[in-house]
Structures are given as C-alpha cells and as structure tokens.
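Reader: I am new to this structure. Please show it to me, and then let me ask about its parts.

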Amino acid sequence: MEQPKHDLGCIRRPVRFETEAIVRAAKVGTARSEVDRDKALEIARDLYASLAIKDDRLATDAAALANAFVDAMPGRLVRLRIDVCDTTTCPKFHRDHRHMRLVTTYCGPTTQYMLKERGDRVFDASLWELLFFKGANHPTFSQRVLHRSPPMTCEQRRLCLVVDC
Ligand SMILES: [Fe+2]
C-alpha cells in the first residue's frame with residue numbers, strides 16, 4: 001500500500017459463521033467510537049450492543065481488526081464504525097476524505113468498487129473480505145479506485161464494519 005499504484009488492498013477471508021439471523025434481529029443504525037487499544041473489545045461489544053447485537057464473535061473480530069489498524073498506523077486516531085442498514089447509504093462511486101479505510105461486510109450486499117485500469121467494470125467484495133482503501137488524504141492516493149455502498153432491495157439488510165484513520 002506504500003506504492004502509488006496500489007490504492008486498494010484486498011484480503012479474502014472465509015465466512016466464519018452466518019450472521020443473517022443476528023442481523024435480522026438487530027436494530028437498524030450506526031454505532032461509532034474512537035478506538036482505545038486496551039479497550040477495543042469492550043468498545044466493540046458496546047457498539048454492537050447499541051445495535052441490539054450481542055455476539056462476542058463479531059465483537060472479537062471487530063476488536064482484532066481495529067487493533068491491527070492501530071498497530072499499523074502508529075500515531076493516528078483510529079475510528080471504528082458498525083452499520084446495520086436496510087437502504088442504500090452511499091450510492092455514488094466516490095473516494096473517502098480519509099487517510100485509510102478498512103471495510104468489511106458480514107451480511108447482505110457487499111461494498112462495490114471500480115479500478116481505473118479496468119474501465120467500467122464494477123467489482124463486488126466477498127462477504128468477510130477485508131478491503132483497504134487509501135483515501136484522498138493519503139499522500140500516495142492516485143485516484144485509481146472508487147467505491148460505493150451496494151444497491152439494496154427492500155427486505156435486504158446489511159451489516160458492515162468500517163475502521164478508518
Ligand atoms: Fe466511502
């Protein structure tokens with residue numbers, strides 16, 4: 001990710017467990033907090049609890065990802081956000097005004113992105129895949145990747161996690 005030509009990093013992960021029932025029972029909304037490395041799990045549990053999700057496996061995953069981000073970005077303020085949504089939130093392809101953003105979707109339609117060198121093709125992330133986007137504030141961001149929230153049809157729900165700095 002240090003090289004200018006790499007605005008996007010992808011790490012595929014297997015689906016560790018199904019989250020559909022958890023997300024169906026959750027409250028639609030957004031929960032966010034700054035990440036304190038020593039309290040990441042507690043913070044993640046509280047964020048999920050505020051969305052009526054009490055699943056320690058999800059909180060553990062969120063805390064591990066948030067802490068990995070803290071370790072990889074020394075000196076930067078890291079924020080964690082969890083979204084349960086049932087509508088399209090950011091329908092236009094865009095870049096974020098951030099240094100770096102990690103997005104992963106556990107349930108529902110996944111984040112979409114376009115790569116400059118691949119023309120108009122729209123890529124869909126896999127469930128649980130980690131997408132690392134350089135943002136517009138990153139010194140070597142080269143405008144080669146844009147992303148958006150996926151279109152949602154009625155009845156669909158999405159659970160995604162965002163870590164950014
Ligand atoms: Fe975005």
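Reader: How many of the residues of E4 are buried?

Author: This is a predicted model. In it, strand E4 covers residues 100–107. The strand is largely enclosed by the rest of the structure, because the buried residues of E4 number 8 of the 8.

Reader: In what order do the strands of the sheet with 6 strands stand?

Author: The sheet is open, and its pairing is antiparallel. Strand E1 (8–11) and E2 each have a single partner strand, so they stand at the edges with one side left without a neighbour in the sheet. From one strand to the next, the twist averages 15°. The order is E1-E7-E4-E9-E3-E2.

Reader: Which residue in E9 is the bridge partner of Leu102?

Author: E4 and strand E9 (residues 158–164) run antiparallel. They are joined by 6 bridges. Leu102 has its bridge partner in E9, and that partner is Val163.

Reader: Which residue in E7 stands opposite Val103?

Author: E4 also runs antiparallel to strand E7 (residues 130–134). Here 4 bridges join the two strands. Opposite Val103, in E7, stands Leu131.

Reader: Which residues of helix H2 are buried?

Author: Helix H2 spans residues 40–50. Its buried residues are covered by elements including strand E2 (29–34), helix H3 (56–72) and strand E3 (79–85). An α-helix has 3.6 residues a turn, so residues three or four places apart point the same way. The buried residues of H2 are Ala40, Ile43, Ala44, Arg45, Leu47 and Tyr48.

Reader: Which residue with a positive phi follows H2?

Author: The phi of this residue is near 60°. The residue that follows H2 is Ala52.

Reader: What angle does the direction of H3 make with that of E9?

Author: Two helices can be placed against the sheet of E1-E7-E4-E9-E3-E2. H2 packs on the sheet and touches E2 and E3, and its direction makes about 25° with that of E3. H3 packs on the sheet too, touching E3, E4 and E9. With the direction of E9, that of H3 makes about 25°.

Reader: Which strands stand at the edges of the sheet with the order E6-E5-E8?

Author: This open sheet has 3 strands, with antiparallel pairing. A strand at the edge has a single partner strand, so one side of it is left without a neighbour in the sheet. The edge strands are E6 (123–124) and E8 (145–148).

Reader: Which residue in E8 stands opposite Tyr113?

Author: Strand E5 (residues 112–115) and E8 run antiparallel. The number of bridges joining them is 4. Opposite Tyr113, in E8, stands His147.

Reader: What pattern does the chain follow along the sequence?

Author: The chain has 3 helices and 9 strands. Read along the sequence, they give β-α-β-α-α-β-β-β-β-β-β-β.

Reader: What is the radius of gyration of the chain?

Author: The C-alpha atoms fill a box of roughly 40 × 40 × 25 Å along the principal axes. For 165 residues the globule rule gives 15 Å, and the chain is close to that, so it is as compact as a globular protein of that length. Its radius of gyration is 15 Å.

Reader: What share of the residues of the chain count as buried?

Author: A residue is buried if 20 or more other C-beta atoms lie within 10 Å of its own. Of the 165 residues, the share that count as buried is 33%.

Note on methods: Residues numbered from 1 in each chain as written. Predicted model: local features only at pLDDT ≥ 70, side-chain atom pairs only at ≥ 80, totals over all residues. Pairing = 2+ DSSP bridges. Buried ≥ 20, exposed ≤ 12 C-beta atoms within 10 Å, placed from the backbone. Contact = placed C-beta atoms within 7 Å. Axes fitted to C-alpha atoms, helices over the stretch in contact; angles between N-to-C directions. Rg over C-alpha atoms; globule rule 2.2 N^0.38 Å.
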